[in-house]
Amino acid sequence: MKSNAGLPTKRTVVRYLILLVLACLFTVFVIKLNDVEKTELVVRDGQTFEKAEVIEILQDNMQDNGTRVGEQRVKVRMLTGEKKGEELEITSSAGFLLGAACEVGMQVIVMQSVSGDTVVASVYTQDREWAVYIFAALYLLALWVIGGWQGVKSSLGLIFTFFSMIFVYLPMIYRGFSPFWTAVFVCFITTLVTMYLIGGPTRKTVAATCGTVAGVVVAGISAQLFSLASGITGYNVSDIESLMTLWNTEGIQVGGLLFSGLLISALGAVMDVAMSVSSSLQEIYNQNPSLTRFELFKSGMHVGRDMMGTDSNTLILAFVGGSVSTLLLDYAYNLPYLQIINSNNIGIAVMQGLAGSFGVVLCVPLTVVICTALFYGHPGCV
């Protein structure tokens, strides 16, 4: 008689088949979504960005006081592109946004335009591609070493979220979909996949996913209410002139990008709260299944209240950190209070910080209610 030990059950096979079908459908959806022809906003005929290595400093722009003024003239060896292997004499500006303080041996990115034998080129910036990849790899390695198998699943969720933002969120916005509801949709699918990877097909995963989406929507509604009360809209952002070009050419709803971005910014903190509450409440009920609905709800609120303060601080400090340059300039210029409190930049920062925190705070009771409904009467059930 053959043993079935170690073989997957029929239910498990069906579940994996369903997941495979959903993954295939999502892949087709993403491919079709990204099959879009973009309008050329800037003419770049003949212009490319290539890698090069600085082999000689022909003329430096370092002053006696240690500052750089004007341009450097450097000789570089092209590593990619039409002029690969050739040595070119080019310039590097002293700007903070463009150019680089070149040194011999430095890897740089060269912006070049080639027309026949004529080459116009300059240093665009230092080549930092591998620095990005190495630090990302080190982060994933730390996640795997410390988190074990759970860390591996968390990293898969993180990678899925990143690709969803690039290949789902941006194409949908570009095609003219509502930024707000696009953000809600992307938050839902990324939360569902991340929670499934971490918690599996359990009631806890369902509760955490529903709680996260509810908290994110609350954050969006709070931002909309603040917008109506304060008069701040998505058209008050600093780069609105460039965004209006997209509105004129592609019909992109640029006014909703501010609120759309807020939902995505709040997603991480809200997701953390929802999963922590769901996991804690499931463990509490499994250990004490005699709890009534009200006692279960009260236990969840006790757990959630400790999380509110820290995660709310996380969001507010994140948005304040992004506005440090503006705050420092306001402080240095000693601007009047009424000018500061009524400026668009401060208003947007306040809206983002507080609306996101509303999402975190209200996510707690919403998640607890969902958990109570799903867990009660099913002790020990995943």
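Me: The side chain of which residue meets that of lysine 51 in a salt bridge of 2.5 Å, N to O?
Reply: This is a predicted model, in which local features need pLDDT of at least 70, side-chain atom pairs count only at pLDDT 80 or more, and totals for chains, interfaces and linings use all residues. Residues are numbered from 1 along each chain as its sequence is written, and side-chain values use heavy atoms, with hydrogens and water left out. With a salt bridge taken as a side-chain nitrogen of Lys or Arg within 4 Å of a carboxyl oxygen of Asp or Glu, the residue that pairs with lysine 51 at 2.5 Å, N to O, is glutamate 129.

Me: How many residues apart are glutamate 129 and lysine 51?
Reply: Glutamate 129 belongs to helix 2 and lysine 51 to strand 1 (helices, H or I of at least four residues, and strands, E of at least two, are DSSP runs numbered from the N terminus). The pair therefore links distant parts of the chain, and its separation is 78 residues.

Me: Which residues are linked with Lys51 in a network of salt bridges?
Reply: Beside its contact with glutamate 129, lysine 51 also meets the side chain of aspartate 127 in a salt bridge of 4.0 Å, N to O. That second pair again joins distant parts of the chain, since aspartate 127 sits in the loop between strand 5 (118-126) and helix 2, 76 residues from lysine 51 in strand 1 (residues 47-59). The partners of Lys51 in the network are Asp127 and Glu129.

Me: Is aspartate 127 buried or exposed?
Reply: The classes used here are buried (under 20% relative accessible area), exposed (over 50%) and partly exposed in between, with a 1.4 Å probe and protein chains only. Lysine 51, at 23%, is partly exposed, and glutamate 129, at 30%, is partly exposed as well. Aspartate 127 has 17% relative accessibility, so it counts as buried.

Me: How many salt bridges does a search of the whole structure find?
Reply: One of them, at 3.6 Å, N to O, joins the side chains of arginine 77 and glutamate 87. Because arginine 77 lies in strand 2 (residues 71-78) and glutamate 87 in strand 3 (residues 87-93), this pair ties together parts that are 10 residues apart in sequence. Arginine 77 is partly exposed at 33%, as is glutamate 87 at 44%. The count for the whole structure is five.

Me: How many charged residues are in the lining of the largest pocket?
Reply: The largest pocket holds about 630 Å³ (a pocket is an open set of points on a 1 Å grid where a 1.4 Å probe fits, with protein on both sides within 12 Å along at least five of seven lines, and lining residues have an atom within 4 Å of a point). Its lining has 17 residues, of which Leu22, Ala23, Phe26, Phe160 and Val193 are the closest to its centre. Helix 1 (10-33), helix 2 and helix 3 (179-199) each supply at least two lining residues. The lining divides into 15 nonpolar residues and two polar ones, and the number of charged residues is zero.

Me: Which helix gives the most to the lining of the second largest pocket?
Reply: This pocket, with about 320 Å³ of space, is lined by 13 residues, and nearest its centre lie Lys38, Leu170, Pro171, Tyr174 and Ile252. Two elements, helix 2 and helix 5 (240-250), give two or more residues to the lining. The most, five residues, come from helix 2.

Note on methods. Grid points are joined across faces, edges and corners, and a volume is the space filled by probe spheres set on the points. Ala, Val, Leu, Ile, Met, Phe, Trp, Tyr, Cys and Pro count as nonpolar, Asp, Glu, Lys and Arg as charged, and the others, Gly among them, as polar.
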